[in-house]
Amino acid sequence: MTPTKVWLSSPHMGGEELNYVHEAFDTNWVAPLGPNVDAFEKAIEQELGKEVHVAALSSGTAAIHLGLELLGVGPGDEVLCQSFTFSASANPILYLGAHPVFVDSEEDTWNMSPTLLREAIEDRIKHHRKPKAIIAVHLYGMPYKIEEIRSIADAFEIPILEDSAEALGSSFRGISCGTFGDVGILSFNGNKIITTSGGGALVTKNKALRDKAVFLATQARDDAPHYQHSHVGYNYRMSNVLAGIGRGQMEVLTKRVAARRKNYDFYLNSLSSQTELSFLPEPKDFFSNRWLSCILTTCYDMRETLRMALLEQNIESRPLWKPLHLQPVFKDSKHFMDGTSKALFEKGLCLPSGSNLSQEELDRVVETIKNVLS
Ligand SMILES: *Cc1c(COP(=O)(O)O)cnc(C)c1O
């Protein structure tokens, strides 16, 4: 008999979600606007603090697309992007006819290397191709080097698009991730720390920018009684039905973060005597939501042996993100590398990390890993 499936990261409802969804039906707000959308945006603004304005959208990818457009990215431009991330961080660069330039990671947070970022900017300026934006990512919920990246961005006057898709609930010096970019984005896809089944948000301190995002996300209708358009628009707004799920999820976000961090601590404590394995600690002042708990093995073969052994026990695990400069779809892109993300990809594995995992399931994961390594 196959043991029951242990998922990498599955949706975890809090209980109130259906009430808000019912409310949408009862009031017939079954549309991409309405009270749930407004309340969901308010709840996110309150969570993030820092006088931010939020636009709820249909996905995190849509938010990146709109965010880059708002930052002035257009055809032929170059955009710097962390290579160690999910492809959705960079795909919108191509939607806009712009070119990604990939930057490798550093080892303290696994995110964009400030040294290589500076190198990349100086190189592109030398070639008269000053980048239009920097896409920095808080991968697996760990904040990137906020101060270093910001000071380089400011020195060269290049705006930051902060990809916080994996980092709702994370912070640096007590300040929430999502608020550090000129534009920040969140994702509520099904596997994220909270979900609306599919959805995203754009975050900015600039109210006019937020309003422009909503304008573009709702087909860019000019102020006229008929349908009048002077811009290319998108259909990117969040459904009021799905925002109902989001309202319920925001009520339990703190619990979800605590549960994911507890998973990480459990793996760390249970596997600390395994000398072949290592973990990514939080640097001082960094707070990660530990969206996914990741381990590093010593080599590709060990990572694969572990992954296959887990699979045999019907336990889902996943290699760390394959760096984008190594992806076929981005093979012609410029990149500034020192090998860090490639090594992480080869040696790293994401373990089951859902906030709804039972102790029995967590024990199964640890037992399987220990059996392989003993
Ligand atoms: C999930 C994710 C996205 C895209 O969000 P969607 O809501 O799935 O479109 C973007 N960047 C990163 C790093 C992600 O993990």
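**Exercises: a ligand and a small sheet**

By class, five nonpolar, eight polar and three charged residues make up the shell around the ligand. Here Ala, Val, Leu, Ile, Met, Phe, Trp, Tyr, Cys and Pro count as nonpolar, Asp, Glu, Lys and Arg as charged, and the others, Gly among them, as polar. The model is predicted: local features need pLDDT of at least 70, side-chain atom pairs count only at pLDDT 80 or more, and totals for chains, interfaces and linings use all residues. Residues are numbered from 1 along each chain as its sequence is written, and side-chain values use heavy atoms, with hydrogens and water left out.

**Exercise 1.** Find which residues surround the ligand most closely.

*Solution.*
- Step 1: apply the cut-off (a heavy atom within 4 Å).
- Step 2: 16 residues surround the ligand.
- Step 3: the closest are T61, D163, E166, S187 and K192.

**Exercise 2.** List polar contacts of the ligand (pairs of N or O atoms within 3.5 Å).

*Solution.*
- Step 1: start with the backbone. An N or O atom of the G60 backbone lies 2.7 Å from a ligand oxygen.
- Step 2: turn to side chains. A polar side-chain atom of D163 is 2.7 Å from a ligand nitrogen.
- Step 3: add E166. An N or O atom in the E166 side chain is 2.6 Å from a ligand oxygen.

**Exercise 3.** State the strand order of the open sheet of three strands (strands are DSSP runs of E, at least two residues).

*Solution.*
- Step 1: pairing needs at least two DSSP bridges between two strands.
- Step 2: two bridges join β6 (residues 171-172) to β10.
- Step 3: the order is β7-β6-β10, with antiparallel pairing.
- Step 4: β7 (175-176) and β10 (286-287) are the edge strands.

Terms used
A polar contact is a pair of N or O atoms within 3.5 Å; within protein, one must be able to donate a hydrogen and the other to accept it, and residues adjacent in sequence count only if both atoms are side-chain atoms. Helices (H or I, at least four residues) and strands (E, at least two) are DSSP runs, numbered from the N terminus.
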